[in-house]
Amino acid sequence: MIYSKAEKTIVTERLRLRLFNESDAKDVSLLCNNYNIYKSTLSLPYPYPIECALSWIANHEQNFEMGRMYEFAITDKRSGQLYGAIAISNHSHYQNGELAYWIGEEYWGNGYATEAAKAMLEFVFEEQDYHRVYARHFISNPGSGRIMEKCGMTCEGTLKDHIVKDGSFEDIVYYGIINPRHEK
């Protein structure tokens, strides 16, 4: 992982994580206007019009500058093709944050989410000195849990019927990891 503070980018073997900009809104809308992504995410609306994308993107840079949240576009390092998004909140008082991500369905199965998540963990542990990162997924989306496991996160438990999604209760599975530099 190579982090550029000046450019606000993270570069990995195949990916470039960068801030979103307004010109990404059309692609974000196209990728997110997908029922399979909607049903596996907590807060993405469906349908997902371009206005949602523009509204979502509008505060990313300010959030980054103020250290509230780090939200990145997951893009191909060479072509710039947008694959998805990854973000981590900053609960500085507790020295932790929640990791979240989505990948456009046509790009599933290529390891992009895992590669981006590993880079984000390295970024917040080394550059932001987080003590802990956690993530959660619907029990109906075990693929997201496999990504968390591949990043070294461990399952910490399941909250039964914790979320209502489309009128049905869903279990939420929590994962976490401690900054290796902070472990006792």
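Two residues are in contact when heavy atoms of theirs lie within 4.5 Å. By that rule, and leaving aside residues up to four places away in sequence, Thr 114 touches Ile 147, Lys 150 and Cys 151. The structure is a predicted model. Its strands form an open sheet of nine, with mixed pairing, and helices H5 and H6 each lie across several of these strands. The structure also holds eight salt bridges and twelve aromatic pairs.

**The sheet**

- The nine strands of the open sheet follow the order E1-E2-E3-E4-E5-E6-E7-E9-E8, and their pairing is mixed.
- Strand E1 (2–4) and strand E8 are the edge strands, and each of them pairs on one side only.
- From one strand to the next, the twist averages 25°.
- Strand E5 (residues 82–89) pairs with strand E6 (residues 96–103) in the antiparallel sense, over five bridges.
- Within this pairing, Ile 88 has Leu 99 in E6 as its bridge partner.
- E8 and E9 also pair in the antiparallel sense, here over eight bridges.
- Opposite Thr 154 stands Gly 176 in E9.
- The hairpin of E8 and E9 has two residues between the strands, and Asp 166 in this hairpin takes a positive phi near 55°.
- In a regular strand, side chains alternate between the two faces of the sheet.

**Helices across the sheet**

- Helix H5 covers residues 112–126.
- H5 lies across E1, strand E2 (9–11), strand E3 (15–18), strand E4 (69–76), E5, E6, E7 and E9.
- Relative to E5, H5 runs at about 30°.
- Helix H6 (residues 142–150) lies across E6, E7 and E9, and runs at about 160° to E7.

**Two buried residues**

- Thr 114 has its place in helix H5.
- Thr 114 has a relative accessible area of 11%, and it counts as buried because the cut-off for that class is under 20%.
- Leu 99 is found in strand E6.
- The relative accessible area of Leu 99 is 3%, so this residue is buried.
- Not counting residues up to four places away in sequence, Leu 99 touches Ile 86, Ala 87, Ile 88, Ala 117, Met 120, Val 133, Tyr 134 and Ala 135.
- Leu 99 and Ile 177 are 78 residues apart along the chain, and their C-alpha atoms are separated by 11 Å.

**Salt bridges**

- Eight salt bridges are present in the structure; the bullets below describe some of them.
- Arg 18 and Asp 24 meet through their side chains in a salt bridge of 2.8 Å, N to O.
- Arg 18 is buried, with a relative accessible area of 14%, and Asp 24 is buried as well, at 6%.
- The side chains of Arg 181 and Asp 129 form a salt bridge of 3.2 Å, N to O.
- This pair links distant parts of the chain, with the two positions 52 residues apart: Arg 181 is in the segment after strand E9 (168–178), and Asp 129 is in the loop between H5 and strand E7 (132–138).
- Arg 181 is exposed, with a relative accessible area of 52%, while Asp 129 is partly exposed at 38%.
- Lys 160 and Asp 171 also meet side chain to side chain in a salt bridge, at 3.5 Å, N to O.
- Lys 160 belongs to strand E8 (residues 154–165) and Asp 171 to strand E9, so the pair links distant parts of the chain, eleven residues apart.
- Lys 160 is exposed, with a relative accessible area of 62%, whereas Asp 171 counts as buried at 13% relative accessibility.
- A network of salt bridges links Lys 8, Glu 61 and Glu 65.

**Aromatic rings**

- The count of aromatic pairs comes to twelve.
- One aromatic cluster is formed by Tyr 3, Phe 64, Tyr 70, Phe 72 and Phe 123.
- The ring of Tyr 38 has the charged end of Lys 165 sitting over it, 3.9 Å from the ring centre.

Technical notes:
Residues are numbered from 1 along each chain as its sequence is written. This is a predicted model: local features need pLDDT of at least 70, side-chain atom pairs count only at pLDDT 80 or more; totals for chains, interfaces and linings use all residues. Side-chain values use heavy atoms; hydrogens and water are left out. Helices (H or I, at least four residues) and strands (E, at least two) are DSSP runs, numbered from the N terminus. Buried means under 20% relative accessible area, exposed over 50%, partly exposed in between (1.4 Å probe, protein chains only). A salt bridge is a side-chain nitrogen of Lys or Arg within 4 Å of a carboxyl oxygen of Asp or Glu. Two strands pair if DSSP finds at least two bridges between them. Axes are lines fitted to C-alpha atoms, for helices over the stretch in contact, and angles run from 0 to 180 degrees between N-to-C directions. Rings of Phe, Tyr and Trp (its six-membered ring) pair if their centres lie within 6.5 Å; planes under 30 degrees apart count as stacked, over 60 as edge-to-face and the rest as tilted. A charge sits over a ring if NZ of Lys or CZ of Arg is within 6 Å of the ring centre and within 35 degrees of the ring normal.
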